Amino acid sequence: MEVIIQDTYEDVSRLAAGIIARQLLRKPNSVLGLATGSSPIGTYRELVRMHREEGLDFSQVVTFNLDEYLSLPPSHPKSYRYFMNEHLFNHVNIPHGNIHVPYGHVQAVDDFCEWYEAQIQQSGGIDLQILGVGTDGHIAFNEPGSSLGSRTRLKTLAEPTVQDNARFFETIEQVPRFAITMGVGTILEARRILLLASGASKAKIIAQAIEGPVTASVSASALQLHRDVIVILDSEAATGLSRADYYRWAYEQKRQITDLRSERPN
Ligand code: GLP
């Protein structure tokens, strides 16, 4: 796990977008796993800027979103599909048919979940998965207690998640109680994972996820089992980490090595 601590949310967003852009340059038909929430908004904004100003190409990119509220159609302004259209899809040249977001209004939920998993497999698997983390440690909507081997399925939201997400709705009663979500097992199959967190409200759970024991009680702790995870935090989200000095030092050392290497002739 590589932990990178940046000063601000904007720094986190720029760094994350740079990693995604390099992935697309290396493999233009990359399969991206995408997240909603406030954590990746700045990253999407930066990707849109790179598309407009630097020609970053999404024409061969395939995407799979992590989750969607049950019963909200894609046209619903609070649906995750709507969020993705607003923040990314409407502003880059990704073909409509390459976009996958779970259908919240589906009737046969179990069949749909199986189909979604099969689509991920058929696309060759996720190359780079973007993640945020909930204050209860959920990744996607894998609430505490979710099996570390879980697959895409229907999940009941936990009370803190309903409270957290109430800010996006007019009243707390409007927050859906169920979601279709990729499982922890699905997420762990991505080749590379990028976890973003910022703000003091994430400090405690980030410390548990990164430095605590691997446990189904904190879904994000399962990322410790993955061979290629990059965690990018702003300074507030990093305040609970006991090894913060080491992460800062290690990142500085790595940058020096990378600079040295890139100065070498081919
Ligand atoms: C929601 C989403 C998660 C997201 C989390 C954190 O519950 N289902 O995928 O990571 O919120 O959101 P934020 O980035 O707004 O803190």
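Tutor: A polar contact is a pair of N or O atoms within 3.5 Å; within protein, one must be able to donate a hydrogen and the other to accept it, and residues adjacent in sequence count only if both atoms are side-chain atoms. This is a predicted model, where local features need pLDDT of at least 70, side-chain atom pairs count only at pLDDT 80 or more, and totals for chains, interfaces and linings use all residues. Residues are numbered from 1 along each chain as its sequence is written, and side-chain values use heavy atoms, with hydrogens and water left out.

Student: What makes Lys-202 a polar contact of the ligand?

Tutor: A polar side-chain atom of Lys-202 lies 2.5 Å from an oxygen atom of the ligand, and the limit is 3.5 Å, so the pair counts. His-138 also has a polar side-chain atom 2.9 Å from a ligand oxygen.

Student: Why are H1 and H2 called oblique?

Tutor: Helix H1 (residues 9-26) and helix H2 (residues 41-54) pack at about 55°. Angles under 35 degrees count as roughly parallel, over 145 as roughly antiparallel, 65 to 115 as roughly perpendicular and the rest as oblique. The angle of H1 and H2 falls in the rest, so they are oblique to each other.

Student: And what makes H2 oblique to H3?

Tutor: The axes of H2 and helix H3 (residues 80-87) cross at roughly 40°, and that makes the pair oblique.

Student: How do you know which residues of H2 and H3 meet?

Tutor: Contact means heavy atoms within 4.5 Å. Ile-41, Tyr-44 and Val-48 of H2 meet Phe-83, Met-84 and His-87 of H3.

Definitions and conventions
Axes are lines fitted to C-alpha atoms, for helices over the stretch in contact, and angles run from 0 to 180 degrees between N-to-C directions. Helices (H or I, at least four residues) and strands (E, at least two) are DSSP runs, numbered from the N terminus.
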